[in-house]
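Let's take a walk through a protein and look at how some of its charged side chains pair up. Have a look at the picture first, then read on.

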Amino acid sequence: MSRAALLVLADGRFPAGGHAHSGGAEPAVTAGRITDAASLETFCRGRLHTAGLVAAGLAAAAAAGHNPLLLDDAADARTPVPALRQVARRLGRQMMRAARATWPSAALDALAAARPRGAHQPVVLGLAARSAVLAPLDAAHAVAYESISGPAGAAVRLLSLDPFDATAVLARLAADVDRVAQQGADAAERVLVEGTDALPAASAPLLDITAQQHAAWPVRLFAS
């Protein structure tokens, strides 16, 4: 296992397309729910413990070697809004391109062939982590961190928020990221016995609603 590989996978410069997505921050800023560092922290904490937790479980399960097609179906079941399913698969396609170029593997090739329109991004990320010889907990950490780093970066652009303040938000949420990653990895361990029902299914209805609304905006800075 290479910790350097985890740094590559979690690096915001990894060409997986995340820079074009705000993780729901753009509609939250427009609605006045994110106005400063404090409200950004509240938003990120809520996203981490809902969408981030679900993604952490899926990524850890894929990294553990569970059937990625079943995990992709489980991801669909946990993503009730069409706009977010489309985003997850679009990001999955981009992650797949980057992962196959970086850590080629037969498992990635097989998933790409089975899901030519893209598998859900956390599933692809988990499989990429497995191809990079990373542990399920590593995959959960990468995707949990991504669930808050995306909105934090978007807030800097949307609000002209001080980048130091946005980074401080991420630092204050570090312990939460650790807990969510561990919960996701623990759930992934139970999949072998309990099936995909063991994976987290936390919901964030407001994120779902605003994502569907955001998809219909004629003018927007971010794709989601």
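What follows is a short tour of a few salt bridges.

Keep in mind that this is a predicted model. Here's the basic idea: side chains of opposite charge can pair when their charged atoms come close. In this model, the count comes to twelve salt bridges.

Let's start with R13 and D11, whose side chains meet in a salt bridge with an N to O distance of 3.1 Å. How open are these two to the outside? R13 counts as exposed because its relative accessibility is 72%, a value over 50%. D11, at 29% relative accessibility, counts as partly exposed.

Now hop over to helix α10, which covers residues 174-194. Here the side chains of R179 and D176 form a salt bridge, 3.2 Å from N to O. The two residues sit three residues apart in the helix, about one turn. Is D176 buried or exposed? D176 has a relative accessibility of just 9%, so it counts as buried, the cut-off being under 20%. Its partner R179 is partly exposed, with a relative accessible area of 45%.

Stay in helix α10 for another pair: E194 and R190 are four residues apart there, so about one helical turn separates them. Their side chains meet in a salt bridge at 3.5 Å, N to O. E194 is partly exposed at 45% relative accessibility, and R190 is partly exposed too, with a relative accessible area of 36%.

Finally, some salt bridges share partners, and these join E41, R45, R172, D176 and R179 into one network.

Definitions and conventions. Residues numbered from 1 in each chain as written. Predicted model: local features only at pLDDT ≥ 70, side-chain atom pairs only at ≥ 80, totals over all residues. Heavy atoms only, no water. Salt bridge = Lys/Arg side-chain N within 4 Å of Asp/Glu carboxyl O. Buried < 20%, exposed > 50% of the residue type's maximum accessible area, 1.4 Å probe, protein only.
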